[in-house]
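This report describes how a structure is divided into parts and what lies between them. Please look at the sequence and the model before reading on.

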Amino acid sequence: MTIVLRTRTLLTLTTATTLLLAGCHKKASAPPPYTAPSIAAAAAPTATITASPEAIDMGSSVVLTWRTSGATSVNIDGIGPVNLSGTQNVTPSNSTNFHLTATGDGGTAEASVRVTVRVPVAPTSGTSSNLGDTGTDAAFHAAVQDVFFDYDSSDLRPDATTNANNAAAYLNAHTGIKVLIGGYCDERGSAEYNLALGETRAGAAKTALVNAGVSASRIRVVSYGKEKQFCTEQDESCYQQNRRAQFLIDK
Amino acid sequence: MTTRSLSAPFRCALLLLGVASAAVLHAQDNVLTGTNTGADRVRIAAADFKAGSPDAAGLKRVFDTVLFSDLGNAGVFDLVSKSLQPQVQPGSPAELKLADWSGGATNASFVAFGSYGVSGGRSTVNGYVFDTHNPQYPQVLGKQYVDAADENGARTVAHKFADEIILRLGGGLPGIAESKIFYVHAAGGTKEIWAMDYDGANPHAVTHLGTISLSPRVSPDNSRVAFSSLGNDGWQIRVFSLLLNRMVTSPSGGGTNLSPAWSASGQLAYSSSRSGDPEIYVADGNGNGARRVTTSRGPDVSPTWNPKTNSQIAWVSGRTGLPQLYVMDADGAGIQRMTDGGYATSVSWSPNGQFLAFAWNRKYGPGAPGGQDIYVMDVASKRWVQLTNGVGRCDFPSWSPDGRHIAYAVGSGARAEIWTMLADGTGKHRLLGSGNDMPNWSFR
């Protein structure tokens with residue numbers, strides 16, 4: 001079947017297509033790929049990096065362990081040049097991607113690991129009395145800011161991550177609050193699809209809160225798509241206003 | 001070619017599909033939707049009916065207007081303009097002179113005529129169709145209809161007579177004049193499900209829920225309407241019985257539940273985020289036994305069944321970024337991507353299984369040229385044709401039961417209107433003004 005497929009395809013598709021297809025089906029009938037003379041060939045480096053544990057409380061440390069082969073220099077973003085293999089204790093203050101780049105004669109290899117830092121309960125006087133604390137609406141809205149999204153994206157931007165972490169800190173300090181996350185989209189695009197996209201946006205904000213230590217059972221998610229708009233002007237500043245996950249006290 | 005590739009490893013299949021799509025996905029003007037096959041249209045004249053009594057005149061005018069409009073809407077006739085017709089109203093075969101109709105400017109091959117009588121609160125309509133070129137045996141159709149002597153009855157009889165004529169002379173496909181269109185009507189901050197006749201007449205509310213209800217889909221037997229409604233438990237699939245004239249219970253799943261779709265055999269597919277991410281689920285007609293059929297991260301929404309086979313589902317997925325059209329088997333296997341880029345949503349599968357109608361913005365992005373328009377794609381070849389252009393943002397195409405028409409929304413939000421056109425993009429006209437969105441044409 002593969003042969004039939006390729007024969008037909010060769011007749012109709014471009015050379016580029018043929019190359020792609022050949023990569024797909026490495027069978028005996030394909031010409032052997034060109035290989036460089038092996039004299040100077042250096043194996044491409046390999047790299048792995050792990051963190052233990054991958055989730056910590058703020059202030060705790062985490063052990064990074066990395067191994068490389070075929071590399072001449074190894075660099076970890078935020079740490080700098082390091083040994084070819086090794087371990088190191090780090091104490092990140094917020095959730096961090098440790099990205100390792102191994103450079104050798106045969107090229108470069110990359111590996112990364114994400115360390116999630118749970119934001120601690122904000123220290124307040126009389127900690128025990130805060131259990132079940134529901135705070136005030138004003139305090140909630142001062143501390144818990146909505147998060148905004150890029151065009152047709154449900155990924156949290158850096159500013160959105162900051163907002164979500166601040167929101168999580170407040171929610172961890174006021175455990176009596178249940179939160180309703182509303183997912184919103186700008187007016188462009190299709191209403192049905194935007195409801196699904198709004199759901200994905202609200203879900204991304206929920207995931208950020210859960211990773212920051214807020215119990216999932218305290219969070220409810222509703223997508224409003226473009227059914228309830230914050231503004232109706234047809235310009236980018238209004239579109240940005242509408243591309244958000246909104247935090248409300250779920251009463 | 002693409003079918004063969006499905007047996008290859010999945011990664012390769014995707015790659016091959018991407019390449020093959022790029023090779024064949026060019027604008028085609030030879031997508032044959034059944035209304036643009038070049039066959040000569042039958043020239044037919046619809047005579048004004050003869051009123052059986054003076055009090056029938058008002059209803060008769062309604063009947064004449066609706067019949068003329070139905071035959072014109074059908075898209076399969078060359079309908080003789082009223083101004084080219086002889087000034088006679090033959091009420092019975094004995095009063096018809098074929099020569100009046102076959103020659104001159106009228107030049108009709110067929111003539112529809114008859115009488116409209118009212119007695120005892122009932123309308124009695126005798127309708128005939130005669131072949132003007134067969135003087136010896138001219139009668140093609142002769143039927144009597146009885147209905148209530150009111151405007152709705154006059155409309156109903158006209159629709160039935162038109163459908164009979166379309167069935168006889170229009171290539172054997174039943175007409176659609178008796179079909180309904182369900183839609184979303186926005187007013188006062190709420191959105192309710194409404195219904196109307198296929199020609200925009202008789203718009204009326206179906207639900208009175210006082211919230212936002214979207215995506216109405218009428219069941220194949222016209223007994224129920226499923227839709228998505230925002231309640232205290234978020235978006236749920238809810239069902240209204242058109243027989244009981246009230247809501248019926250349907251299971252409430254967790255998460256956001258959107259965009260129900262009936263198969264021709266009565267199964268329901270819809271999008272649900274009960275597992276955390278919007279995915280396509282398939283359940284029975286009562287919403288029970290839901291099982292998940294997609295597993296990819298990113299929004300999956302707006303399923304539509306292949307009404308011919310009931311074994312395939314087309315839907316919209318944002319798994320690679322902007323939403324694209326995909327087709328899969330109803331169990332989630334054999335996924336094919338159909339569109340090669342842009343922003344593609346709101347897919348509807350044609351009754352003969354051959355075409356997908358969908359909304360597509362091919363150059364999506366801030367400042368990009370063009371807009372969101374209705375397209376039709378031939379499923380087997382992935383060739384497509386653009387049906388709307390320059391009228392504003394078009395969305396939510398829905399096929400008529402005969403596959404010759406597509407209803408769609410123009411504009412969005414409170415500005416949305418409902419329009420209809422033939423499946424080759426001709427005959428566009430508005431059915432409802434602003435505040436009406438998401439049309440869904442009944443199965444029959």
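## The cavity

The largest cavity has a volume of about 50 Å³. The model is a predicted one, and a search of the whole structure finds one cavity of 30 Å³ or more.

Residues from chain A and chain B line the largest cavity. Chain B contributes B:Tyr343 and B:Tyr364 to the lining. From chain A come A:Tyr151, A:Asp152, A:Cys185, A:Asp186, A:Arg188, A:Gly189, A:Asn194, A:Leu197, A:Arg201 and A:Arg243.

## Domains of the two chains

Chain A is assigned domain 1, covering residues 46-118, and domain 2, covering residues 132-249. Between the C-alpha centres of these domains of chain A the distance is 32 Å.

In chain B, domain 1 is made up of two stretches, 2-30 and 179-441, while domain 2 covers 42-169. Here the C-alpha centres of domain 1 and domain 2 of chain B are 37 Å apart.

## Where the domains of chain B meet

How many residues of each domain of chain B take part in the contact? Nine residues of domain 1 of chain B touch ten residues of domain 2 of chain B. About 700 Å² is buried between domain 1 and domain 2 of chain B, and carbon and sulfur atoms give 45% of this area. On the domain 1 side of chain B, the residues that lose the most area to domain 2 are B:Tyr198, B:Asp199 and B:Arg404; together they account for 50% of what that side buries.

## Charged and polar links

The interface between domain 1 and domain 2 of chain B has one salt bridge. B:Asp199 forms a salt bridge with B:Arg155, and their closest N and O atoms are 3.6 Å apart.

Two residue pairs are in polar contact across the interface of domain 1 and domain 2 of chain B. On the side of domain 1 of chain B that touches domain 2, three residues are nonpolar, three are polar and three are charged.

Technical notes:
Residues are numbered from 1 along each chain as its sequence is written. Chains are lettered from A and ligands numbered from 1 in the order in which they are written. This is a predicted model: local features need pLDDT of at least 70, side-chain atom pairs count only at pLDDT 80 or more; totals for chains, interfaces and linings use all residues. Side-chain values use heavy atoms; hydrogens and water are left out. Domain bounds come from an automatic or database domain assignment. Contact means heavy atoms within 4.5 Å. Buried area is the accessible area (1.4 Å probe) that two parts lose on being put together, summed over both. A salt bridge is a side-chain nitrogen of Lys or Arg within 4 Å of a carboxyl oxygen of Asp or Glu. A polar contact is a pair of N or O atoms within 3.5 Å; within protein, one must be able to donate a hydrogen and the other to accept it, and residues adjacent in sequence count only if both atoms are side-chain atoms. Ala, Val, Leu, Ile, Met, Phe, Trp, Tyr, Cys and Pro count as nonpolar, Asp, Glu, Lys and Arg as charged, and the others, Gly among them, as polar. On a 1 Å grid over the protein atoms alone, a cavity is a set of points where a 1.4 Å probe fits but cannot get out, and a pocket is an open set with protein on both sides within 12 Å along at least five of seven lines; lining residues have an atom within 4 Å of a point. Grid points are joined across faces, edges and corners, and a volume is the space filled by probe spheres set on the points.
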